[in-house]
Amino acid sequence: MRSLFPVTDQTPARGPEGRGRAAPADDRAPGRGDDRAPGRGGDRAPDRGDDRAHGRGGEPAPAPADDREWSLDELADRYAYPETDRPVLRANMVSTLDGAAMHDGRSQPISCPTDMRIFGTLRGLADAVVVGAETVRQEGYRPARARDAFAERRAAAGQGPAPAIAVISASLDLDFSLPLFTEPLVPTLLLTGAAASAERRAAAEKAGARVLIAGEGRTVEPGQVVDVLAEQGLKRLLTEGGPTLLGQFVAADVLDELCLTVSPMLAAGDARRIAGGPRMTLPERFSLASVLEEDGFLFTRYRRP
């Protein structure tokens with residue numbers, strides 16, 4: 001994997017006609033091994049060894065010295081949250097070249113092993129993973145697990161062993177017998193409206209979930225989601241969608257970062273894009289913070305200016 005932005009000594013040089021010039025063949029390290037990760041939602045990136053280091057406050061880390069697989073520690077440095085007292089909401093999504101955020105209802109077919117390593121790294125840095133109820137149903141979400149690769153870093157940051165999964169659901173129409181609710185290392189959180197069904201709330205709490213109110217009536221207010229989680233001490237927030245939830249966060253002007261994998265695939269069809277829902281009056285511009293590349297996949301990170 002190569003760092004294309006910020007510019008480093010490993011960024012391909014530009015020739016006289018503006019075309020990128022690849023590194024010499026003998027400077028390239030061999031490809032990655034067989035540590036393949038399964039689909040998004042499973043948090044299955046492989047653990048690294050004992051090469052642990054602490055984050056550097058969100059500033060992009062220097063690129064490794066050659067085109068090779070980055071360690072999880074190097075990825076964690078590159079994607080470290082900024083040092084701030086306020087909550088930070090980051091999104092992680094994947095999209096094809098023609099804008100599809102999924103294929104046949106799931107993101108895994110348009111992903112790749114390195115995307116899943118970054119997916120696992122972002123989870124390893126977060127206090128809570130915020131996800132919509134429909135995505136939980138479609139992707140078969142399971143509890144986040146403790147990862148040896150991030151244990152020292154999380155302890156130094158005062159975090160628990162794994163992020164909490166925070167599910168947004170107005171109806172609470174979920175299967176509370178699933179492992180997400182019955183077997184979490186950290187209790188699963190359910191954010192719902194004040195007028196949500198008392199019966200469903202009781203069922204959720206009986207299963208071991210914590211129910212938090214983040215909206216009046218039966219609706220959940222995206223801005224309140226961030227505030228309510230921050231009140232629980234959960235300020236490093238990661239949302240994995242789906243598109244409706246991400247669109248609501250964008251429209252509510254509470255999204256701080258977008259980590260978007262651009263997949264070198266075309267899907268056509270009528271698949272949804274990464275964000276839907278309410279239309280903004282004017283598009284909001286984010287600033288490019290980082291671009292990594294491997295096998296034609298671009299791993300981008302954008303920030304609110």
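This note goes through a predicted model, from the whole chain to single residues and then to the empty spaces.

1. Overall content. The chain has eight helices and twelve strands. Of its 305 residues, 48% count as buried. Taking contacts between residues at least 6 apart in sequence, 71% join residues at least 24 apart.

2. The sheet. Ten strands make up an open sheet with mixed pairing, and their order is β1-β11-β12-β10-β4-β9-β5-β6-β7-β8. At the edges are β1 (2–5) and β8 (210–213), each of which pairs on one side only. From one strand to the next the twist averages 25°.

3. A parallel pair. Strand β5 (residues 128–132) and strand β9 (residues 236–239) run parallel and are joined by three bridges. Within this pair, Val129 stands opposite Leu238 of β9.

4. Helix on the sheet. Helix α2 (residues 113–125) packs on the sheet and touches β4 (88–96), β5, β6 (164–168), β9, β10, β11 and β12. The direction of α2 makes about 170° with that of β4.

5. Strand β12 and its two partners. β12 covers residues 297–303, and five of its seven residues are buried. On one hand, β12 runs antiparallel to strand β10 (residues 257–263), with six bridges between them; here Thr261 has Phe299 of β12 as its bridge partner. On the other hand, β12 runs antiparallel to strand β11 (residues 287–294), with seven bridges between them; here Ser290 stands opposite Arg301 of β12. The order of the sheet places β12 between β11 and β10.

6. The hairpin turn. β11 and β12 form a hairpin, and two residues lie between the strands. One point to check when looking at the backbone is Asp295 in this turn, which has a positive phi of about 50°.

7. Thr300. This residue is found in strand β12. Is Thr300 buried or exposed? Its relative accessible area is 7%, so Thr300 counts as buried, the cut-off being under 20%. The side chain of Thr300 reaches the backbone oxygen of Leu260 at 2.8 Å. With neighbours within four places in sequence set aside, the contacts of Thr300 are Leu258, Cys259, Leu260, Ser290 and Val291. Of these, Ser290 was met above as the residue opposite Arg301.

8. Cys112. This residue lies in the loop between β4 and α2. Cys112 has a relative accessible area of 13% and is therefore buried by the same cut-off of under 20%. Not counting residues up to four places away in sequence, Cys112 touches Phe297 and Phe299. Phe299 is also the bridge partner of Thr261. The C-alpha atoms of Cys112 and Ser263 are separated by 8.4 Å, although the two residues are 151 residues apart along the chain.

9. Ends of helix α6. Which residue caps the N-terminal end of α6 (residues 198–206)? The cap is Ser197, with a side-chain oxygen 3.3 Å from the backbone nitrogen of Glu199. After α6 comes Gly208, whose phi is positive, near 110°.

10. Cavities. How many cavities of 30 Å³ or more does a search of the whole structure find? The search finds three. The largest cavity has a volume of about 140 Å³. Its lining consists of 15 residues, and those nearest its centre are Met93, Ala101, Ser107, Glu139 and Glu240. The elements that give two or more residues to this lining are β4 and α3 (133–139).

11. Largest pocket. The largest pocket holds about 670 Å³ of space. It is lined by 27 residues, of which Val250, Arg273, Ala275, Met280 and Glu284 are the closest to its centre. Two or more residues of the lining come from each of α8 (243–251), β10 and β12. β12 thus appears here as well as in the hairpin with β11.

Definitions and conventions. Residues numbered from 1 in each chain as written. Predicted model: local features only at pLDDT ≥ 70, side-chain atom pairs only at ≥ 80, totals over all residues. Heavy atoms only, no water. Buried < 20%, exposed > 50% of the residue type's maximum accessible area, 1.4 Å probe, protein only. Helix = DSSP H or I, 4+ residues; strand = E, 2+ residues; numbered from the N terminus. Pairing = 2+ DSSP bridges. Polar contact = N/O pair within 3.5 Å; in protein donor to acceptor, adjacent residues only side chain to side chain. Axes fitted to C-alpha atoms, helices over the stretch in contact; angles between N-to-C directions. Contact = heavy atoms within 4.5 Å. 1 Å grid on protein atoms, 1.4 Å probe; cavity = no way out; pocket = protein on both sides within 12 Å on 5 of 7 lines; lining within 4 Å. Points joined across faces, edges and corners; volume = space filled by probe spheres on them.
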